[in-house]
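Hi,

Here is the structure I said I would pass on. Have a look at it first, and then read my notes underneath.

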Amino acid sequence: MTSPAGRRSYGVKGAPYAFLLPATILFALFFALPIGYAVWLSFRKVHVSGLGLGAGARSEVWAGLENYKDALTDNEFYDGALRVLGYGCIVVPVMLGLALLFALMLDSERVRLAPFTRLAIFLPYAIPGVVAALLWGFLYLPDVSPFYYVLAKLHLPQPNLLDGGPLYLALSNIAVWGGTGFNMIVIYTSLRAIPAEVHEAAKLDGATPLQTALRIKIPMVAPSLVLTFFFSIIATLQVFNEPMTIKPFTNSVNLSWSPLMKVYQDAFRRGDIYSAAAEATLIAIATLVLSFGFLRSANRRNKQEAAP
């Protein structure tokens, strides 16, 4: 017979698992299970017998790697990946550079109205991505944009931001405007965690604010920079809202402008959920590989710096 002390010990040991159980169930139902089902669909296809009419004329069969082969040889999917690569080369460095700059400025002793400024920089992040893309889309339209009206009155050039190369800048601006505030808060929080003794020692050594920022603050918030870079890569590879919302404003954005838009087109417009599942799995694998490679490289560098 189990003693009361034994029952209490078993209850204490099992308490963490009881607390984790609801989250584990939700994770399995709404995250792991859909991912597993998508991977399973990616190895299937529809087999059509005859004209495809009548009961049993269309059946689901095993396709192996056929859907993956079709996705990897699809020019639309490949071109979308290249467009996202160019888009990311603009968004990630600009957004993180501005976030770091704003965080350093807010951490300065000379800054005024810091709470208001911090809120003003973060506020665009609170606006839903679709709403932000719509607002910027109207600002890009020459017929309704107040900016084009001012440029016309000043007899200045009026660039078309919804066509050709400037389209990348227009879409990148939406992402930078919406994501800088979040990354700034992450970096700023790390800056505020730096002990006051470090700042006092820098002052006693005669370091200027710029030297303090470059030689002390930035190296000490490197983990936050790695984290924000990691999140930015994931968001860039999964870009969907901005080009999909801007599409009605211009013919330069097609239905497969990004890989995720290609997945949406195949799944909900063409009705080919099997090819869409393979493409979505490839995007997930690419995200995992890039993220894991970056984190491993960052960890290796941190270990080398920490080694005597």
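Below is what I found in it, going from the salt bridges to the helix packing, the surface and a few odd spots.

One thing to keep in mind throughout: this is a predicted model.

**Salt bridges**

How many salt bridges are there? The count comes to eight. I'll walk you through three of them.

Start with Lys 45 and Glu 66, whose side chains meet at 3.0 Å, N to O. Lys 45 sits in strand S1 (residues 44–48) and Glu 66 in helix H2 (residues 66–72), so this pair ties together parts that are 21 residues apart in sequence. Lys 45 counts as partly exposed because its relative accessibility is 27%. Glu 66 is partly exposed as well, with a relative accessible area of 34%.

Next, find Asp 74 and Lys 262. Their closest N and O atoms are 2.9 Å apart, and they form a salt bridge. This one links distant parts of the chain: Asp 74 is in the loop between H2 and helix H3 (75–106), while Lys 262 belongs to helix H12 (residues 259–269), 188 residues away. Is Lys 262 buried or exposed? With a relative accessible area of 1%, Lys 262 is buried, since the cut-off for buried is under 20%.

The third pair is Asp 107 with Lys 217, another salt bridge, at 2.9 Å from N to O. Asp 107 is in the loop between H3 and helix H4 (114–126) and Lys 217 is in helix H9, so the bridge ties together parts that lie 110 residues apart in sequence. Both ends are buried: Asp 107 has a relative accessibility of 8%, and Lys 217 has a relative accessible area of 10%.

There is also a network to look for. Asp 74, Lys 262, Asp 266, Arg 270, Asp 272 and Glu 279 are joined into one by salt bridges that share partners.

**Around H12**

Since Lys 262 has already taken you to H12, stay there for a moment. Which residues of H12 are buried? Lys 262 has company in Pro 259, Met 261, Val 263, Gln 265, Asp 266 and Ala 267. So two members of the salt-bridge network, Lys 262 and Asp 266, are on that buried list because each has under 20% relative accessible area.

Ala 267, in helix H12, has a relative accessibility of 17% and therefore counts as buried. Along the chain, Ala 267 is 227 residues from Trp 40, yet in space their C-alpha atoms are 15 Å apart. Just after the helix, H12 is followed by Gly 271, which has a positive phi near 75°.

**Two helix pairs**

Now turn to the packing of H8 (residues 196–204) against H9 (residues 209–220). Their axes are 11 Å apart and the angle is about 160°, so H8 and H9 are roughly antiparallel to each other. The crossing of H8 past H9 is right-handed.

The other pair is H7 with helix H10 (residues 222–237), packed at an angle of about 165° with axes 9 Å apart. These two helices, H7 and H10, are therefore roughly antiparallel to each other too. H7 also passes H10 in a right-handed crossing.

**On the surface**

Where should you look for a nonpolar patch? It is formed by Leu 21, Ile 25, Leu 26, Leu 29, Phe 30 and Leu 33, which together have about 630 Å² of accessible area. Ile 25, one of these residues, lies in helix H1 (residues 4–42). At 42% relative accessibility, Ile 25 counts as partly exposed.

**Two loop residues**

His 155 is worth finding. It is in the loop between helix H6 (146–153) and helix H7 (166–192). Most residues other than glycine have a negative phi. His 155, though not a glycine, has a positive phi of about 60°. With a relative accessibility of 73%, His 155 counts as exposed.

Finally, Pro 128 is in the loop between H4 and helix H5 (129–140). Its relative accessible area is 49%, so Pro 128 is partly exposed. Pro 128 and Asn 241 are 113 residues apart along the chain, with 9.7 Å between their C-alpha atoms.

Cheers

Methods: Residues are numbered from 1 along each chain as its sequence is written. This is a predicted model: local features need pLDDT of at least 70, side-chain atom pairs count only at pLDDT 80 or more; totals for chains, interfaces and linings use all residues. Side-chain values use heavy atoms; hydrogens and water are left out. Patches are made of residues with over 30% relative accessible area and no salt bridge: like charges are joined within 9 Å, nonpolar side chains (Val, Leu, Ile, Met, Phe, Trp, Tyr) within 5 Å. Accessible areas come from the Shrake-Rupley method with a 1.4 Å probe; for residues, only the protein chains shown count as cover. A salt bridge is a side-chain nitrogen of Lys or Arg within 4 Å of a carboxyl oxygen of Asp or Glu. Helices (H or I, at least four residues) and strands (E, at least two) are DSSP runs, numbered from the N terminus. Buried means under 20% relative accessible area, exposed over 50%, partly exposed in between (1.4 Å probe, protein chains only). Axes are lines fitted to C-alpha atoms, for helices over the stretch in contact, and angles run from 0 to 180 degrees between N-to-C directions. Angles under 35 degrees count as roughly parallel, over 145 as roughly antiparallel, 65 to 115 as roughly perpendicular and the rest as oblique. A crossing is left-handed if the near helix is turned anticlockwise from the far one by less than a right angle, and right-handed if clockwise.
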